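Student: I would like to understand how the descriptions of a structure follow from its values. Could we take them one at a time?

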Amino acid sequence: MRMTPTVIITGILALLAAITLTVVYWPYATQDKTPSEIFRARTAVENEGRKIYLQNGCVYCHSQSIRSIDWVHGAHRIAQTGDYIADEPVALGSQRTGVDLSQEGGEHPDDWHIAHFINPRYTRPSSIMPPFEWLGMERIEKLTQYVQSLGFKNADQRMARQRYWKAESIKAYEAGPDENARWLAEIAPEGWRNIPNPYPTTEASLQRGHKIYQNNCIGCHGPIGDGMGPAQPWIYPPPLNFTILKGREISGGIIYYQLMNGITGTAMPYFKKELESQKIWEVGDYIAVYFINQSDANAEPRGIDAAWEP
Amino acid sequence: MGEPNLSTEVTEKLPSSNPTAKAFTLTSALWFAAATSFGMIGAGYLIAPDFLANIEYIHFGRVRPMHINAVLFGFVTPGLLAAAFYYFPRLLRTELFSHKLGVFSAIFWNITVAAGMIGISLGYTQGREYAELPWPVDIMVVISFSLVVLNILLTIRKREERVLYVSIWYTTAAIILTSVTYCLGNVIWKPDTGALVGIPDAILLWFYGHNIFGLLLTPMGLGVAYYVLPIATRSPLWSHSLSLIGFWSLIIVYTHIGTHHLLQVPVPTWLKTISIVDSVAMVIPVMIVLINLWYTIKGKLGEIHADIGAKFVLTGTIYYFFVNIQGSMMALPHVQRITHFNNWVVGHAHIGVLGFAGIMALGGLYFILPRITGKPLYSKFLADVQYWLVLIGVTGFAVVLTIVGLIQGNSWYNGEALYRTLPMIQPYYILRASLGAFIMLGAYIGLYNIIRSLYFNRGAAT
């Protein structure tokens, strides 16, 4: 084969044309533009927030693409073509340095996000996301609106729930410590309220509880559990001051339930996907021992003795 | 139909001065230093996110695309072009069509890359990975490529050697095809967003993004290898047939595989199937080229070792082998369940773009420097130091980032929350930044050595 300039140039261009038609144009021409069941159009503010998202490279660390093999954040819904029909450009992402955001809308209330943008470690102590305080409040609020729309109709439902419980939690907080503690106990189902922490307090369990507290809780509740962590100025109702709970009938079961499920409407997230059972009991006991100064660990009724207990 | 015999260099009639090659050499060395500095800032953020906090213009989300664009369009492409502007006149037995045009294209190229960097740093980005540059800069990139295309096509037209050597095929194809795929990939007909809508945008983006490596860096890197290795070892190319099959199979196979970035996304299954099959088929163009090159230099490692340029180039071919075997493997859906979305892929990208294409560009630069200046390198010692710094850095990257990727991938696949994996991988981010410091130091040493060799070299003329 004689490689003349004509052979090279026409050859490569013909091949490129044929292949582009097959692997780019054909899928483009036959695309399915049907909206998925959760799709809705974005509002003007949400679109502005999306521009801020793209401008500042959020897409390099956060995917918006849930796969069938995913387990945790947003994994309750696998991505469909119809979710992306309004995205120009599409922001699927190629790396997860942070979590996938496909279903982020309504996972947290707005104040959590604002504290998180000011400095991600305020709400997530182990986060490696850089702070975005420099965006200024106006842009942070738009970005928050966009993030709260991720998941479309699913996000709207979650946001409605966040707003309802936000009002409830503010009412309880403003009614004073007695009322607030009562509310916090009552939103746990009755069975949980009667369960003490079933495992004994040990030096080792407190050490582990301390570590879990530092990695997850310290940003809001603070190093001495008084609710004065660095996130506090941005959050309302403010993070709970554990020291007010003494003598207010907060069982180990209530603490476990609230850590597991979070308190919707407040910045308190759920930890059921991140902390296994033992870790939740241990951080709960750490809070009870050190901050509430009243632990019901290993108290009756205990049920069957655990196999590893001495 | 044989190749021009490279075992003796053609020197008659050609003035040794080559301002175009010099300009692109300097461009590449400068942007290598800049790009690794951006990378270092990014690596710093991953260790300590409050480091340099709240500085808008260099925060992670901006410095990452600055790093990538500076590497692709500032360091590697101009480095490979510098070698091309040297070997085109040699292989075609003619002077370059126009050195004025060549130097102008180098200056314009620098303005373009600088405009892109400043733009991204100020937040002017289209937010598409590898296609971030805003529309006016896109146009400048296309002009830059077109100026180079014009110069090399007109040089080919006035050539006195009828037979075109393999390096000419590869580089001509790379520059022409990238001029086209750049326009397509950046959706240049839609200036405001530079994007299509929905999933087809992702398909187009990865078609383009993969072709930046597959149709620009790879063929130009191979062009340098096909030129440098036979000359350094004074051996004729092993097989013309393999050169031909390697070239055409690369053009055909590489263009099909971009969708392997989207195997876990709702794109048509037939398209995923094509991308997987062709990703595996990549072993054909890769091994054909490597067999051809490695047989050419068989038994001549001493000559390779004696020439620092050829030493870089041979190392580049070894990384070419690794990156492609790894790439074919990563396109298998079962493997990708672990490797996708994490640092494994970042490791792969560094093996490809630095280990293969970047090292190939450095090889080209060091090979041509004594030949375009007419003097030995300012310091062969510093070039060797740079070789080892870059080699240790990129090999360390491959190891460390692969480990991080396996930790992340296996944790996620088994239900661990991403947030919980962050403390696990932190030590590796520190190692990664340390290895990055090797690469950055190498880049600055190279910049010093290249500037001294070009302009302040008191060494004796050869």
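**Burial, shape and contact**

Tutor: Let us begin with burial: in this predicted model, 46% of the 310 residues of chain A count as buried.

Student: What makes a residue of chain A count as buried?

Tutor: The test is a count of neighbours, since a residue is called buried if 20 or more other C-beta atoms lie within 10 Å of its own, and 46% of the residues of chain A pass that test.

Student: Which elements make up chain A, helices or strands?

Tutor: Chain A has 12 helices and zero strands, so that, read from the N terminus on, its elements run α-α-α-α-α-α-α-α-α-α-α-α.

Student: Why is chain A called more spread out than a compact globule?

Tutor: The globule rule gives 19 Å for 310 residues, whereas the radius of gyration of chain A is 25 Å, which is well over that value, and therefore chain A is described as more spread out than a compact globule. Along its principal axes, the C-alpha trace of chain A spans about 90 × 45 × 35 Å.

Student: How many residues does each chain bring to the contact between chain A and chain B?

Tutor: Chain A brings 55 residues and chain B brings 68 residues. On the side of chain A that touches chain B, helix H1 (5-29) and helix H2 (44-55) each supply at least two residues, and H1(A) gives the most, with 12 residues.

Student: What classes of residue are found on that side of chain A?

Tutor: Sorted by class, the side of chain A that touches chain B holds 33 nonpolar, 13 polar and nine charged residues.

Technical notes:
Residues are numbered from 1 along each chain as its sequence is written. Chains are lettered from A and ligands numbered from 1 in the order in which they are written. This is a predicted model: local features need pLDDT of at least 70, side-chain atom pairs count only at pLDDT 80 or more; totals for chains, interfaces and linings use all residues. Two residues are in contact if their C-beta atoms, placed from the backbone, lie within 7 Å. Helices (H or I, at least four residues) and strands (E, at least two) are DSSP runs, numbered from the N terminus. Ala, Val, Leu, Ile, Met, Phe, Trp, Tyr, Cys and Pro count as nonpolar, Asp, Glu, Lys and Arg as charged, and the others, Gly among them, as polar. The radius of gyration is taken over C-alpha atoms; the globule rule is 2.2 Å times the number of residues to the power 0.38. A residue is buried if 20 or more other C-beta atoms lie within 10 Å of its own, exposed if 12 or fewer, and partly exposed in between; C-beta atoms are placed from the backbone.
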